[in-house]
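Thanks for taking a look at this one with me. Below are some numbered points to read beside the model, in an order that should help on a first visit.

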Amino acid sequence: MMKSKGFSVGQLILNILLIAFLAACIFPVLWMISSSLKSSQELFSSQIYLIPKQLTLEYYAEVFRDYNIGDWFANSVGTTIGISIFQILVSFMAAFALGYFRTRINSLVFYFLLITMVIPFQVTMIPNYILVSNMKLLNTWTAVILPNIANATTFFYLYQNVRSLPSAYYEVAHIEGAGSFWAMRNVTFGLCKGPMAAIAILTVIESWNIYFWPLLVLTKPESRTLTIGLKQFLDFEMGNRWGPFMATATLASLPMVVVYIFMQRHIINAFISSGIKG
């Protein structure tokens with residue numbers, strides 16, 4: 001009886017902690033949405049409440065009327081799709097090459113790629129910027145996409161899945177006279193569709209939220225992404241425009257929230273799979 005009671009108390013404490021953690025995570029999002037729907041008087045009121053007393057869409061109308069939010073959204077979609085497709089394609093081909101072709105330097109190449117995961121972005125930032133500038137690519141989608149094509153984390157996750165495939169599949173393909181490209185396209189790709197879908201979702205979310213690199217290479221107002229466009233509402237001399245800022249932040253968050261709601265099972269599987277396969 002004492003053990004059962006202690007277990008119940010422990011579960012109660014755990015549930016309380018989880019609820020508190022959930023509230024701490026969700027409250028800023030709810031506050032952002034609420035602030036985007038409040039009037040100017042309510043937004044700067046000293047009272048704290050989530051449900052606006054008077055709903056208004058004036059900030060959303062101002063954003064669409066006075067700012068290039070359509071261009072920002074198109075740029076975010078374009079760069080996100082570009083980074084996601086090329087990053088997964090390059091990582092998958094690298095994972096297949098390292099897992100399919102058995103050579104003496106496989107381990108050396110693998111660990112060399114892993115080392116790049118711990119290199120800070122600040123180390124490669126200036127060389128990448130100089131390279132993109134010399135290529136006359138500033139203020140283009142290519143400037144954002146190109147340095148993000150190679151990603152060691154995406155490669156590591158896909159490699160773990162490719163390496164776990166039984167070699168019998170490849171042996172059968174060899175017996176039938178298939179080449180390496182056929183094996184990659186019809187064997188490896190078919191068996192890794194689930195993991196690739198999972199990592200694709202994580203890549204899309206990460207690419208959509210990327211901030212610092214686009215801030216460096218996208219300087220023209222019409223070339224900015226949504227995350228960079230948010231900076232336009234913060235002006236320490238003229239004053240911060242919190243209403244339009246919250247409205248734009250809500251619009252920028254909405255696509256990824258929808259993606260996460262519908263694909264959360266795949267996202268969780270991506271984290272679990274990358275942790276248990278080795």
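1. Let's begin with the largest pocket, which holds about 800 Å³ of space. Please keep in mind from the start that this is a predicted model. The lining of this pocket is made by 25 residues, and those nearest its centre are Pro-147, Asn-148, Ala-150, Asn-151 and Ala-152. If you want a place to put your cursor, those five names are a good choice.

2. Which helices supply the lining of the largest pocket? At least two residues each come from helix H4 (69-100), H6, H8, helix H11 (193-209) and H12. H4 gives the most, with five residues. By character, the lining of the largest pocket divides into 15 nonpolar residues, nine polar and one charged.

3. Next, the enclosed space. The structure has one cavity of 30 Å³ or more, and the volume of the largest cavity is about 30 Å³. Its lining consists of Gly-99, Arg-102, Val-162, Arg-163 and Tyr-170. Two of these lining residues are nonpolar, one is polar and two are charged. As background to both kinds of space, rolling a probe the size of a water molecule over the atoms shows where empty space is left.

4. One name from that cavity lining deserves a second look. Arg-163 has its place in helix H8, and it is partly exposed because its relative accessibility is 34%. Arg-163 is also 8.3 Å from Phe-96, C-alpha to C-alpha, although the two are 67 residues apart in sequence.

5. Now for the rings. The count of aromatic pairs comes to 19. One of them joins Phe-121 and Phe-212: the ring centres are 5.9 Å apart and the planes stand at 90°, over the 60 degrees needed, so this pair is edge-to-face. Phe-121 belongs to helix H6 (residues 121-134) and Phe-212 to helix H12 (residues 212-217), so the pair ties together parts that are 91 residues apart in sequence. Phe-121 is partly exposed at a relative accessible area of 30%, and Phe-212 is partly exposed at 40%.

6. How do the rings of Phe-155 and Tyr-159 pair? Their centres are 5.7 Å apart and their planes are at 20°, so the pair is stacked. Both residues lie in helix H8 (residues 152-163), four residues apart, which is about one turn of the helix. Phe-155 is buried, with 4% relative accessibility, and Tyr-159 is buried too, with a relative accessible area of 7%. These two also take part in one aromatic cluster, formed by Phe-110, Tyr-111, Phe-155, Phe-156 and Tyr-159.

7. A ring can also have a charge for company. The charged end of Lys-38 sits over the ring of Trp-31, at 4.2 Å from the ring centre.

8. You may be wondering about cysteines. A disulfide is a covalent bond between the sulfur atoms of two cysteines. How many disulfides does a search of the whole structure find? The search finds zero. Is Cys-25 partly exposed or buried? Cys-25 is partly exposed, because its relative accessible area of 40% falls between the 20% and 50% limits. Cys-192, in contrast, is buried, because its 2% is under 20%.

9. Please also check the backbone in one loop. Most residues other than glycine have a negative phi. Lys-136 is not a glycine, yet it has a positive phi of about 60°. Lys-136 lies in the loop between H6 and helix H7 (141-145), where it is exposed with a relative accessible area of 71%. Asn-139, also found in the loop between H6 and H7, has a positive phi near 65°.

10. Finally, a residue in a long-numbered helix: Thr-248 lies in helix H14 (residues 242-276). Is Thr-248 buried or exposed? Thr-248 is buried, because its relative accessible area is 0%. Its C-alpha atom is separated by 31 Å from that of Val-123, and the two residues are 125 residues apart along the chain.

Technical notes:
Residues numbered from 1 in each chain as written. Predicted model: local features only at pLDDT ≥ 70, side-chain atom pairs only at ≥ 80, totals over all residues. Heavy atoms only, no water. Phe/Tyr/Trp six-rings, centres within 6.5 Å; stacked < 30°, edge-to-face > 60°. Buried < 20%, exposed > 50% of the residue type's maximum accessible area, 1.4 Å probe, protein only. Lys NZ or Arg CZ within 6 Å of the ring centre and 35° of its normal. 1 Å grid on protein atoms, 1.4 Å probe; cavity = no way out; pocket = protein on both sides within 12 Å on 5 of 7 lines; lining within 4 Å. Points joined across faces, edges and corners; volume = space filled by probe spheres on them. Nonpolar A, V, L, I, M, F, W, Y, C, P; charged D, E, K, R; others polar. Disulfide = S-S within 2.5 Å.
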